[in-house]
Each structure stands twice: as structure tokens, then as C-alpha cells.
Amino acid sequence: MPDGKPEVKPVKLICGITFAPSADLNEIDSRLESRFGPIDSRSGKFDFSFTDYYESEMGPGLIKRFLSFEKLIAPDQLAKTKNETLSIETEISIDGRRTVNLDPGYLEESKLVLASTKNFAHRIYLGDNIWGEVTLRYENGEFVTHPWTYPDYAAPLAFEYFKRVRAKYREQLSQ
């Protein structure tokens, strides 16, 4: 604890990707890697049938997956990261309509934090018109939801994936 300040550990950058069946995942991955470095894990894909929120813009039959990046980041980079992903969404939109929604966040030992462009009572302002929320917390060897946790982040596939990413993160911290 230099100068009496607690150490701020780096965190594991993750991204939730909701995409139209027509979206080019290789292009999405390439753009993400060009900004954030190599992807080191991907979840399986699953149907995004929890809400129809994105259907008017992106169409029906949406798919979801998660990924994580090899390089650890400082937690205060989350707002900048969210703005970068917003740029990617715009770059690959077709006729002004998104084909992908990118939800960056980070995972640390005790929680998963997501960035958002929307303010609500449970979110804190990070800067650059971006808010953050603790979406999941880690207790007694399991991820636990909050009343505001989106259903896709509460799915069993998500929990299992984030447990693997957490284990990888802990390994990275120990090196």
C-alpha cells in the first residue's frame, strides 16, 4: 500500500455481444482485437430470447455470446472502452441500423461490472456519458444476481463462462 493508498488491481476486460444472424463475427472480433488486443476466450452462442428490445433495429433471431481479452486493464478505462465499442457498432451498422450490440465490462475477483449509456438508480457515473453497474457479485464460489441483472447475464451458460474467466483472471494475477 504505497503512500497509504490501497492497490488498484487490473481487471479482466469482457464483452457481451448480441448480434443479428447476418452479422459477421469475424469482422466483429477483428475490430475488437484491433482496439483491445487478443481475445483469449469465447462462450458458446445462445439464443437471445430474453427481450425483444433490439428486434426493431436488429431484426429477429438474435444470438448472444461473451468473450474476454488477454490483456488486463485498469478499471478506470471502462468508460473509454464503452465509447470505443459504440464506435464499432456504428462502423459496422447497415443503413444506420446496428447488426451488433456490444456490452463491455470487466470481471474482478468479487464482481462483474458492465458499462452503460443509460443512467438508473443503481448505476454510478464513470465519465464521458457512461455509467457502470455491478451486474453480478461473486459469493461462496458462485456468481449471484441483483434485481437489475439482465437475464442473459443470469443464464447458466453465462455463470459457467464467467467462472472460467474468473479462474483465468486469478491465474493471470498470480503470474
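This is a short dialogue about reading the core, two buried residues, a pocket and a loop in a predicted model.

Reader: Let's start inside. Which residues touch the most other members of the largest nonpolar core?

Author: The general idea goes like this: in soluble globular proteins, nonpolar side chains tend to be buried together. Here the largest nonpolar core has 40 residues, and I17, I28, L32 and F162 touch the most other members. The elements giving two or more residues to this core are the strands β1 (11–19), β4 (63–73), β5 (100–108), β6 (111–116) and β8 (130–139), plus the helices α1 (25–36), α3 (78–91) and α4 (156–174). There's also a second, separate core of five residues, with F48, Y54, M58 and L62 among them.

Reader: Pick a hub for me. What does L32 touch beyond four places away in sequence?

Author: L32 touches I17, G37, L67, F69, T85, I88 and L102. I17, as it happens, is another of the residues that touch the most core members.

Reader: And F162, where is it found, and is it buried or exposed?

Author: F162 sits in helix α4. Its relative accessible area is 0%, under the 20% cut-off, so F162 counts as buried. Skipping neighbours within four places in sequence, F162 contacts I14, F66, L107, L112, L136, F143 and Y153. For a sense of distance, F162 and I63 are 99 residues apart in sequence and 18 Å apart in space, C-alpha to C-alpha.

Reader: Polar residues now. What does the side chain of S68 make a polar contact with?

Author: With a buried polar residue, look for its partner. S68 lies in strand β4 and counts as buried because its relative accessibility is 0%. The side chain of S68 makes a polar contact with the side chain of D40, at 2.5 Å. Leaving aside neighbours within four places, S68 is in contact with K12, L13, I14, I39, D40, S41, Y161 and V165.

Reader: What does the side chain of T81 reach?

Author: The backbone oxygen of Q77, at 2.8 Å. T81 lies in helix α3, and at a relative accessible area of 6% T81 is buried. Apart from neighbours within four places in sequence, T81 is in contact with L13, F36, I73 and P104.

Reader: On to empty space. How much of it lies in the largest pocket, and which residues are closest to the pocket's centre?

Author: Rolling a probe the size of a water molecule over the atoms shows where empty space is left. In this model, the largest pocket holds about 430 Å³. Of the 24 residues lining that pocket, Y54, N101, D103, K118 and Y150 are the closest to its centre. The elements that give two or more residues to the lining are α3, β5 and β6. Y54 turns up twice in our tour, as it also belongs to the second core.

Reader: How many nonpolar, polar and charged residues are in that lining?

Author: The lining has 10 nonpolar, five polar and nine charged residues.

Reader: Last one, backbone angles. What is phi of D128, and what is phi of N129?

Author: When you see a positive phi, check whether the residue is glycine. Phi of D128 is near 55°, and D128 is a residue other than glycine. N129, also not a glycine, has a positive phi near 60°. D128 is found in the loop between β7 (124–127) and β8, and N129 lies in the loop between β7 and β8 too.

Reader: Are D128 and N129 buried or exposed?

Author: Exposed means over 50% relative accessible area. D128, at 54%, therefore counts as exposed, and so does N129, at 55%.

Terms used
Residues are numbered from 1 along each chain as its sequence is written. This is a predicted model: local features need pLDDT of at least 70, side-chain atom pairs count only at pLDDT 80 or more; totals for chains, interfaces and linings use all residues. Side-chain values use heavy atoms; hydrogens and water are left out. A nonpolar core is a set of buried Ala, Val, Leu, Ile, Met, Phe, Trp, Tyr and Cys residues joined through side-chain atoms within 4.5 Å. Buried means under 20% relative accessible area, exposed over 50%, partly exposed in between (1.4 Å probe, protein chains only). Helices (H or I, at least four residues) and strands (E, at least two) are DSSP runs, numbered from the N terminus. Contact means heavy atoms within 4.5 Å. A polar contact is a pair of N or O atoms within 3.5 Å; within protein, one must be able to donate a hydrogen and the other to accept it, and residues adjacent in sequence count only if both atoms are side-chain atoms. On a 1 Å grid over the protein atoms alone, a cavity is a set of points where a 1.4 Å probe fits but cannot get out, and a pocket is an open set with protein on both sides within 12 Å along at least five of seven lines; lining residues have an atom within 4 Å of a point. Grid points are joined across faces, edges and corners, and a volume is the space filled by probe spheres set on the points. Ala, Val, Leu, Ile, Met, Phe, Trp, Tyr, Cys and Pro count as nonpolar, Asp, Glu, Lys and Arg as charged, and the others, Gly among them, as polar.
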